[in-house]
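Me: I have a protein model open and want to learn how to read its features. Where do we begin?

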Amino acid sequence: MLKYISIRKIVNLFKVYIGYWLSLIFKKPIVWGNPYSLTIEPTNRCNLNCLECPSGNNSSTRPKGFVDINLYKKIIDEVKGFVFYHMIYFQGEPLLHPNLFEFIRYADQNKIFTCISTNGHFLTEENCENIVQSGLKKLIISVDGVTQESYSKYRVGGDLEKVKQGIQTLTKIKHKFNARYPIINLQFLVFRHNQHEIDEFKKLAKQLRADQVSIKSAQIDSPEQNLHLIPTIDKYSRYSLRNNTLYIKNKLKNKCLRIWNTLVVTWDGDVVPCCFDKSSEFPVGNLKTQAAIKLWKSRPFNLFRKRILTNRKKNNMCRNCTEGLSIGN
């Protein structure tokens, strides 16, 4: 990360945290700093039909599309002075975007650490070479099962063997170019049907020469249909079940650092408060016609921050939020 840090970015980091803590004390939004983290959605289209994903299960009311390369570069140009971490993913499968590698290169050239999250079905030899040569620093690959049977229960339409072959191809290409990056992080979402496979997943990750593993709790937006997905191992569930109703373990205190440090942009330019606003229910503006920092400190965004500081529980999108919740990982 040292390559991507400057004095200006460090000063901004302090401003973000000072403004955030003062906001908690005075119960009003004080935004002195600019975002140091950036999320841009390349596309909300996907090749899979994952049960709890708005893109995969078609529950999202947002139109489907791809971010325009000129819009992407405009955003980077506006935030490159203070952003040092960039997630090129929100909803959908980023490797479906034809300009993804140009996005990564552009951000990397502007000294921003880049990361993408993928379902791993497009790790062809050509794509893996482009990934390594683009400057991508971290690649998160979802592997939610060690057998096809358990994997496909959530990753509907997915092919575990294809994902494993893609990971092997990527490690081979990294070796070919003697490349340290991207860091390969294999992610395992824990459900009831795969909770017994955690140890086997760790062994598989080692066999595939992954650099990191992440064991994560799963978000359940429709418990009425998918209650069977909730793990029985309490450590890996973000919910408690009372009278057949799910309640998140998070106490949902009136604070949330995310909306003081991360700018989240949908493929069509909408700025939403955070990554839990998957359906863009609370857009604060659009970067096609407005400037990033003007929106970051705008009245609509600060009104949303005020709602968090005074009564976070009233925001429906916060009911699944893990900000402030300790979960096994």
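## Reading the model, feature by feature

Reply: Begin with rings. Y4, Y85 and F113 form one aromatic cluster. Keep in mind that this is a predicted model.

Me: How many aromatic pairs does the count come to?

Reply: The count comes to 11 aromatic pairs. Take Y72 and F103. Their ring centres are 4.2 Å apart and their planes are at 20 degrees, so the pair is stacked. The cut-off for stacked is planes under 30 degrees apart.

Me: Where do Y72 and F103 lie in the chain?

Reply: Y72 is in helix α2, residues 69–79. F103 is in helix α3, residues 100–109. The pair links distant parts of the chain, 31 residues apart. Both Y72 and F103 are buried.

Me: What about the rings of F282 and F304: how far apart are their centres, and at what angle are their planes?

Reply: The centres are 5.4 Å apart and the planes are at 55 degrees, so this pair is tilted. F282 lies in the loop between β10 (270–272) and β11 (285–286), and F304 lies in helix α11 (residues 299–311), so the pair ties together parts that are 22 residues apart in sequence.

Me: Is F282 buried or exposed?

Reply: Use the cut-off: buried means under 20% relative accessible area. F282 has 19% relative accessibility, so F282 counts as buried. F304 is buried too, with a relative accessible area of 4%.

Me: Rings can also have a charge over them. Which rings does R305 lie over?

Reply: Look at two rings. The charged end of R305 sits over the ring of F301, 3.8 Å from its centre. R305 also lies over the face of W260, at 5.6 Å from the ring centre.

Me: Now empty space. How is it found?

Reply: Rolling a probe the size of a water molecule over the atoms shows where empty space is left. A cavity is a space where the probe fits but cannot get out, whereas a pocket is open.

Me: How many cavities of 30 Å³ or more are there?

Reply: The count comes to 1 cavity. The largest cavity has a volume of about 60 Å³. Its lining includes C256, C274, C318 and C321. F304 and R312 are also among the lining residues. You met F304 as the ring paired with F282.

Me: How does the lining of the largest cavity divide into nonpolar, polar and charged residues?

Reply: The lining has 9 nonpolar residues, no polar ones and 1 charged.

Me: Next, a pocket. What is the volume of the second largest pocket?

Reply: The second largest pocket has a volume of about 340 Å³. It is lined by 17 residues, and the closest to its centre are P54, Q219, D221, S279 and E281. The lining divides into 4 nonpolar, 7 polar and 6 charged residues.

Me: P54 is on that list. Which residue has its C-alpha atom 7.4 Å from the C-alpha of P54?

Reply: That residue is K278, 224 residues apart from P54 along the chain. K278 is in the loop between β10 and β11. At 18% relative accessibility, K278 counts as buried.

Me: Show me a buried side chain with a polar contact.

Reply: Go to H86, in strand β2 (residues 85–87). H86 has 0% relative accessibility, so H86 counts as buried. Its side chain reaches the backbone oxygen of L38 at 3.0 Å.

Me: Let's turn to the backbone. Where is there a cis peptide bond?

Reply: Look between Y181 and P182, which are joined by a cis peptide bond with omega at about 5 degrees. P182 is found in the loop between α6 (160–176) and β5 (183–190).

Me: What about phi? Which residues other than glycine have a positive value?

Reply: N58 and L252 are two to look at. Phi of N58 is near 60 degrees. N58 is found in the loop between β1 (37–40) and α2. L252 has a phi of about 50 degrees. L252 is found in the loop between β8 (245–248) and α9 (258–261).

Me: Are these two buried or exposed?

Reply: Here the two part ways. N58 is exposed, with a relative accessible area of 57%. L252 counts as buried, at 10% relative accessibility.

Note on methods. Residues numbered from 1 in each chain as written. Predicted model: local features only at pLDDT ≥ 70, side-chain atom pairs only at ≥ 80, totals over all residues. Heavy atoms only, no water. 1 Å grid on protein atoms, 1.4 Å probe; cavity = no way out; pocket = protein on both sides within 12 Å on 5 of 7 lines; lining within 4 Å. Points joined across faces, edges and corners; volume = space filled by probe spheres on them. Nonpolar A, V, L, I, M, F, W, Y, C, P; charged D, E, K, R; others polar. Phe/Tyr/Trp six-rings, centres within 6.5 Å; stacked < 30°, edge-to-face > 60°. Helix = DSSP H or I, 4+ residues; strand = E, 2+ residues; numbered from the N terminus. Buried < 20%, exposed > 50% of the residue type's maximum accessible area, 1.4 Å probe, protein only. Lys NZ or Arg CZ within 6 Å of the ring centre and 35° of its normal. Polar contact = N/O pair within 3.5 Å; in protein donor to acceptor, adjacent residues only side chain to side chain.
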